[in-house]
Each structure stands twice: as C-alpha cells, then as structure tokens.
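The following exercises concern side-chain pairs and helices in a single protein chain. Each task is followed by a solution in steps.

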Amino acid sequence: MGRGAGAAGRDGPAAGVRGPAGQRPAPGASADVDAVDGEEWLATSWEEYRQTRYKPRYDPGPPYESWPGLAPAPARIPDPEAAARRAVADTCPRLPQGRQHLGLVAAARSADIPAVTGWLGSANHIRPAVLSAVLRTWEDRFGARVLGMTGSMLYVSVAAPPTGPEQSVHMALEHLLLCPANIYQSFSETFPRYAVQLRDEPVWSFWWD
C-alpha cells in the first residue's frame, strides 16, 4: 500500500489524501495510468494547442514554435517527503478549521492518487489516469507529491521547483497544457506572469472548470 503525503477535503487540503466519502480505490487504476505516456500526452496536447492558439489578445503565450520536450530535471532533488510535510504545515493553518480531512490511499505512488480515488475534478479536461500520468513525470523530475484535492482543485508540493527564468517558462508550458484554466480563466494572469510566479514556488495548485 502506498501512502499519499497530502490531503483531500471538500473545501481545502490538509495532511492526508482521500477520495469522495466512502469511495473505495478504483480497481486497476494504476494499470490505467501505466497505459498513458505522460510525455507523449503533453507533446500531443502541444500540437493541439498550436492549432487553436487560444489566448487573450494581451497575452503573448508560450515562446515556443515547436514542442521543446519536457522541462529538464535539476541536478539534485531534495527529500520530497520532507518538502511535502513542510508544505502541509504551511498550508493547513491558513484554511478554515473543520474543513480539513485526513486520509490514506492504497496507491503505489503519490502521483496515482487522482486515478486510484477516481477523482473527477479535472474530468472536464482530462481523465484521472492522464492527470496521474503527467503527475508521475513531475514526481520523477521534481519530487512532486499530491497534497490534497477539493471538488475541482488539486494541490501538489514540489521539492525542486524551477529556479530560473528559462526553467520557469518551460514548466509553465506543461501547466498550461495540463490545466489551461490556471492561466486563461484567471482575469489577472498572463503566461509570462504565471511563469514568474512558478519560480521557487514549493506548492502548485490547479483548478479545472
């Protein structure tokens, strides 16, 4: 049994992970994730984005003309579990009391939690297995851990967030492809500004319409 370092609650994240109340882990969910190549999905999504190029007029969008590949991993990744504990300790006190729920998920790795719980917060954009496949690449490259889930939000701790402008822009592209609403359904966001905000940020949050 894998143990997720994070939380899931209806209204906010806390120090554990669970699916909807009473829900059992989805059988075969990890196998469903195995069937998805996260890098290939991102590359295909890039081609689809290139065809539509949806963005507000005031936003220049990503500075790429072709798929740049995955954002490179840093030379060293600090302890992901310690980073997750710090993120939980920092996040929980800022949430309303009584809206945080602990939980354990029978997942082989943290990235599989959305798929194993059958979480549908991203279902209007991607299947849970696809989300977990992309999270696996972040887990491998940056020490990401699922912290928590609400009805439509996902919180992820990052042991090795981007530290420079090029890596931040590269990582922001992956965020855009996975969760366009993070940028283009926020009145104040542009792609360049979003990339700057990722720099040295130890917690990533995602919201799907």
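The exercises below treat a predicted model.

**Exercise 1. Classify the ring pair formed by Phe142 and Trp204, and locate both residues in the chain.**

Solution.
1. A pair of aromatic rings is described by the distance of the centres and the angle of the planes.
2. For Phe142 and Trp204, the ring centres are 6.4 Å apart and the planes stand at 65 degrees. The centre distance is within the 6.5 Å limit and the angle is over 60 degrees, so the pair is edge-to-face.
3. Phe142 belongs to helix H5 (residues 128-142) and Trp204 to strand S3 (residues 203-207), so the pair ties together parts that are 62 residues apart in sequence.
4. Buried means under 20% relative accessible area. Phe142, at 0%, is therefore buried, and Trp204, at 2%, is buried as well.
5. A search of the whole structure yields six aromatic pairs. One aromatic cluster is formed by Trp119, Trp138, Phe142, Trp204, Phe206 and Trp208.

**Exercise 2. Determine which parts of the chain are linked by the salt bridge of Arg50 with Glu65, and state how accessible each partner is.**

Solution.
1. In this salt bridge the closest N and O atoms of Arg50 and Glu65 are 3.0 Å apart.
2. Arg50 is placed in helix H2 (residues 38-52), while Glu65 is in the loop between H2 and helix H3 (80-91); the two are 15 residues apart, and the pair links distant parts of the chain.
3. Arg50 has a relative accessible area of 30% and is partly exposed. Glu65 reaches 61%, which is over the 50% limit, and therefore counts as exposed.
4. In total, seven salt bridges are counted.

**Exercise 3. Identify the salt-bridge partners of Glu139 and Arg136, and describe where these partners lie.**

Solution.
1. Glu139 meets Arg109 in a salt bridge at 3.0 Å, N to O. Glu139 is in helix H5 and Arg109 is in the loop between H3 and helix H4 (113-117), 30 residues apart.
2. Glu139 is buried at 13% relative accessible area, whereas Arg109 is partly exposed at 25%.
3. Arg136 pairs with Asp112, their closest N and O atoms being 2.8 Å apart. Arg136 lies in H5 and Asp112 in the loop between H3 and H4, so this pair ties together parts that are 24 residues apart in sequence.
4. Both residues count as buried: Arg136 at 14% and Asp112 at 1%. Salt bridges with shared partners join Asp34, Asp112 and Arg136 into one network.

**Exercise 4. Compare the spans of H5 and H3 with the expected values, and describe the burial of each helix.**

Solution.
1. The 15 residues of H5 should span 21 Å at 1.5 Å a residue; the end C-alpha atoms are 20 Å apart, which agrees.
2. H5 is mostly covered, with 14 of its 15 residues buried. Gly143, just after H5, takes a positive phi of about 70 degrees.
3. H3, with 12 residues, reaches 16 Å from its first C-alpha to its last, close to the expected 16 Å.
4. The buried residues of H3 include Pro80, Ala82, Ala83, Ala84, Ala87, Val88 and Thr91. Among the elements that cover the buried residues of H3 are strand S1 (144-149), strand S2 (153-158) and S3.
5. At the N-terminal end of H3, Asp79 acts as a cap: one of its side-chain oxygens lies 3.0 Å from the backbone nitrogen of Glu81.

Key: Residues are numbered from 1 along each chain as its sequence is written. This is a predicted model: local features need pLDDT of at least 70, side-chain atom pairs count only at pLDDT 80 or more; totals for chains, interfaces and linings use all residues. Side-chain values use heavy atoms; hydrogens and water are left out. Rings of Phe, Tyr and Trp (its six-membered ring) pair if their centres lie within 6.5 Å; planes under 30 degrees apart count as stacked, over 60 as edge-to-face and the rest as tilted. Helices (H or I, at least four residues) and strands (E, at least two) are DSSP runs, numbered from the N terminus. Buried means under 20% relative accessible area, exposed over 50%, partly exposed in between (1.4 Å probe, protein chains only). A salt bridge is a side-chain nitrogen of Lys or Arg within 4 Å of a carboxyl oxygen of Asp or Glu. The expected span of a helix is 1.5 Å times one less than its number of residues. Contact means heavy atoms within 4.5 Å. A polar contact is a pair of N or O atoms within 3.5 Å; within protein, one must be able to donate a hydrogen and the other to accept it, and residues adjacent in sequence count only if both atoms are side-chain atoms.
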